[in-house]
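Subject: Structure handover

Hello,

Here is the structure I promised to pass on. Please open it alongside this message.

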Amino acid sequence: TGLPRSTLGAADELLFAVVVCAPYASVAKYKYRCKLTPGVGKKGKAGKQALELFCRMKECTGREKDLLKMVSDNEVVQTIIGDVKVSTPGLHAAYNAKRTAKKAGKNKS
């Protein structure tokens with residue numbers, strides 16, 4: 001399933017992260033999802049952007065971050081169809097936070 005159980009009695013043990021490209025309605029109940037629309041972005045960059053966004057989510061556990069980091073770029077590129085644009089709630093805020101952190105690092109130097 002796209003939404004593992006985490007109850008006290010019967011928690012699911014996560015073993016792998018699988019990249020899925022499907023209609024948005026099919027993955028609506030998945031914990032980690034983003035909308036890919038036709039655009040000018042390259043598949044590799046869009047995939048890295050989506051994985052980074054998933055890792056920065058507040059509800060992402062340490063184990064889930066490790067599994068997301070183990071997904072290879074080649075696997076992501078082969079799954080995504082054509083040049084795309086990633087759109088999801090919080091994407092713009094994550095981009096601004098990354099940009100602010102980058103500027104703060106330059107000011108310290």
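Below is what was found, from the overall layout down to single side-chain pairs.

Please note first that this is a predicted model.

**Layout**

The protein has 4 helices and 2 strands. Along the sequence they run β-α-α-α-β-α. Of the 109 residues, 21% are buried.

**The largest pocket**

Start with the largest pocket. Its space comes to about 910 Å³. The lining takes in 35 residues. Nearest the centre are Val-18, Val-19, Val-20, Tyr-30 and Tyr-32.

Which elements supply at least two residues each to this lining? They are strand S1 (35-41), helix H1 (43-56), helix H2 (62-70) and helix H3 (73-79). H1 gives the most, with 5 residues.

By residue class, the lining of the largest pocket holds 26 nonpolar residues. The remainder is 4 polar and 5 charged.

**The aromatic pair**

A pair of aromatic rings is described by the distance of the centres and the angle of the planes. The count here is 1 aromatic pair. The partners are Tyr-32 and Phe-54, with ring centres 5.6 Å apart. Their planes meet at 50°, so the pair is tilted. That label follows because 50° falls between the cut-offs of 30 degrees for stacked and 60 for edge-to-face.

Where do the two rings sit? Tyr-32 is in the segment before S1, and Phe-54 is in helix H1. The pair therefore ties together parts that are 22 residues apart in sequence.

Both partners are on the buried side of the cut-off. Tyr-32 has a relative accessible area of 18%, so it counts as buried, the limit being under 20%. Phe-54 is buried too, at 9%. Recall that Tyr-32 is also among the residues nearest the centre of the largest pocket.

**A charge over a ring**

Look next at Lys-35 and Tyr-24. Lys-35 lies over the face of Tyr-24. The distance to the ring centre is 5.6 Å.

**Salt bridges**

Side chains of opposite charge can pair when their charged atoms come close. The model has 3 salt bridges.

Take Glu-64 and Lys-31 to begin with. Their side chains meet at 3.1 Å, N to O. Glu-64 lies in helix H2 and Lys-31 in the segment before S1, so this bridge ties together parts that are 33 residues apart in sequence. Is Glu-64 buried or exposed? Glu-64 counts as buried, at 8% relative accessibility. Its partner Lys-31 is partly exposed, with a relative accessible area of 24%.

Next come Lys-48 and Asp-73. This salt bridge has an N to O distance of 3.9 Å. The cut-off is 4 Å, so the pair is counted. Lys-48 belongs to helix H1 and Asp-73 to helix H3, so the bridge ties together parts that are 25 residues apart in sequence. Asp-73 is partly exposed, at 42% relative accessible area.

Glu-52 and Arg-56 also meet in a salt bridge, at 3.2 Å, N to O. How many residues separate these two in helix H1? They are 4 residues apart, which is about one helical turn. Glu-52 is partly exposed, with a relative accessible area of 28%. Arg-56 is partly exposed as well, at 48%.

**A contact in space**

One more residue to check is Asp-66. It lies in helix H2. Its relative accessible area is 43%, so Asp-66 is partly exposed. Asp-66 and Ala-17 are 49 residues apart in sequence. In space, their C-alpha atoms are 9.4 Å apart.

**Where to look**

For a quick pass, three views will do. Centre on the largest pocket, at Val-18, Val-19, Val-20, Tyr-30 and Tyr-32. Turn to the tilted pair of Tyr-32 and Phe-54. Then go to Glu-64 and Lys-31, where the salt bridge joins helix H2 to the segment before S1.

Best wishes

Terms used. Residues are numbered from 1 along each chain as its sequence is written. This is a predicted model: local features need pLDDT of at least 70, side-chain atom pairs count only at pLDDT 80 or more; totals for chains, interfaces and linings use all residues. Side-chain values use heavy atoms; hydrogens and water are left out. On a 1 Å grid over the protein atoms alone, a cavity is a set of points where a 1.4 Å probe fits but cannot get out, and a pocket is an open set with protein on both sides within 12 Å along at least five of seven lines; lining residues have an atom within 4 Å of a point. Grid points are joined across faces, edges and corners, and a volume is the space filled by probe spheres set on the points. Ala, Val, Leu, Ile, Met, Phe, Trp, Tyr, Cys and Pro count as nonpolar, Asp, Glu, Lys and Arg as charged, and the others, Gly among them, as polar. Buried means under 20% relative accessible area, exposed over 50%, partly exposed in between (1.4 Å probe, protein chains only). Rings of Phe, Tyr and Trp (its six-membered ring) pair if their centres lie within 6.5 Å; planes under 30 degrees apart count as stacked, over 60 as edge-to-face and the rest as tilted. A charge sits over a ring if NZ of Lys or CZ of Arg is within 6 Å of the ring centre and within 35 degrees of the ring normal.
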